[in-house]
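Me: I would like a close look at one part of this protein, the place where its parts meet and the spaces beside it. Please keep it plain and explain each term once.

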Amino acid sequence: MAFSVRVTEIPLEDRLFLIGPPGIGKTEVVMQKAEEDAARMGRLFVNLREEIPPDLFQRPEKYYVFLRVVAPHVFPEDLGLPKHADGYAEFLPPKALKAMTLKGIAGVLFIDELSNVQRDDQIAMYYSLILEKEAGWMLRISDGVKIIAAGNPPEWSEVARPIPKPLRNRLTIINVAPPTVEEWTAYMQRRYGDGWERLAALHLAVYPEDFLSPPPEDSSPFPTPRSWTSLAVLLHKHKNASDGLKEALAVGNLGEEVGARFAALLRTNLNIKEALRKLEKSPSYFDKLTVNQRLLLLDAVAQQPLDRLAGPLKGFLEHLSREHREMLVLVTLLMDREKRVALMKKLTDLYAEVAGELSRYV
């Protein structure tokens, strides 16, 4: 792929086209940035797919609206239903779309999967909607609403087709890179707290190539940040399931090769209580363990109380800072935010060198 930037770095501007693999967080980040934009403007954020406040049409200046539409699912005839009125026809738009035409409204219209649109009349509709903010006879999107589109490159979607040249010439096209493992870990901790299998993050720290892989020629699943999210939540939900079911969930989300490799970690045995005791006495004990045993132990360390981390286990954290710096960053990200902040304040010298890497997650 050409020069690309992570989706978290992309500003929220009108007429952006974000192109990148599926499942890397384009929709999630655009909506998050829209919420931040609403907060800066002092407006109430409303996802129009979930609710339409009763006073929205009377007080549009009070709201910041967000609407995601899946481009292949919307057709020109969906933009207005005809209504007879004194010998002529009026076209009534969907209520959510009508909200985006109100004077004084602000928000984001997010057109997803634009590259997967197959019908020429749909392409023409989106051409007008994006370039002129107009569609049909009377529909015009407010100037306060930013239109952002997203799609997949051909190597990631069998049905992707090129965007028309005039449209490409009027859009800011940005190639989107996937999040880093650290960014994904911070997102999972923020979004799900203790409700996900954190061994997924530790596995990815050792095998980052398992985070995202192009789809195979057959119809088997493949790993993306989205499929890792789904798997991590499912594994927590079924944490008492058999090893066979856990492996089936892993393979069903990640594909045969990556799923089997991660399932091997889930099957790894280690006496955590005894390992923690050895770690307190001799931090270098960590280096004698297998890769999967190390990951299990790091997960256990992240769950220890603050007084133990800043006390008996401080020597181990110092060992990580010298010999396995990336592991120190990751094990800290796996802690809840309150404990993470408190630990960094207690062990200021230890975290001095990695403070920059952690600062955006604190």
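Into which domains is the protein chain divided?

Reply: The chain splits into domain 1 (16-175) and domain 2 (181-359), with bounds taken from an automatic or database domain assignment. This is a predicted model, in which local features need pLDDT of at least 70 and side-chain atom pairs count only at pLDDT 80 or more, while totals for chains, interfaces and linings use all residues. Residues are numbered from 1 along each chain as its sequence is written, and side-chain values use heavy atoms, leaving out hydrogens and water.

The C-alpha centres of the two domains are 38 Å apart. Eight residues of domain 1 are in contact (heavy atoms within 4.5 Å) with eleven residues of domain 2. About 700 Å² is buried between domain 1 and domain 2, with carbon and sulfur atoms giving 63% of it; buried area is the accessible area (1.4 Å probe) that two parts lose on being put together, summed over both. G23, E28 and W156 supply 61% of what domain 1 buries against domain 2, more than any other three residues.

E28 also belongs to the largest pocket. A pocket is an open set of points on a 1 Å grid over the protein atoms alone, with protein on both sides within 12 Å along at least five of seven lines; a cavity is a set of points where a 1.4 Å probe fits but cannot get out; lining residues have an atom within 4 Å of a point. The largest pocket has a volume of about 1,200 Å³, the space filled by probe spheres set on points joined across faces, edges and corners. Its lining holds 49 residues, and I24, G25, K26, E28 and V29 lie nearest the centre. Each domain gives at least three residues to this lining. Among the elements supplying at least two are α1 (26-41) and α7 (225-237); helices (H or I, at least four residues) and strands (E, at least two) are DSSP runs, numbered from the N terminus.

V29 has a second role, as one of the residues lining the largest cavity, together with others including V30, K33 and I148. This cavity has a volume of about 50 Å³. The helix α1 gives the most to its lining, with three residues. By class, that lining has nine nonpolar, no polar and one charged residues, whereas the pocket's has 17 nonpolar, 14 polar and 18 charged. Here Ala, Val, Leu, Ile, Met, Phe, Trp, Tyr, Cys and Pro count as nonpolar, Asp, Glu, Lys and Arg as charged, and the others, Gly among them, as polar.
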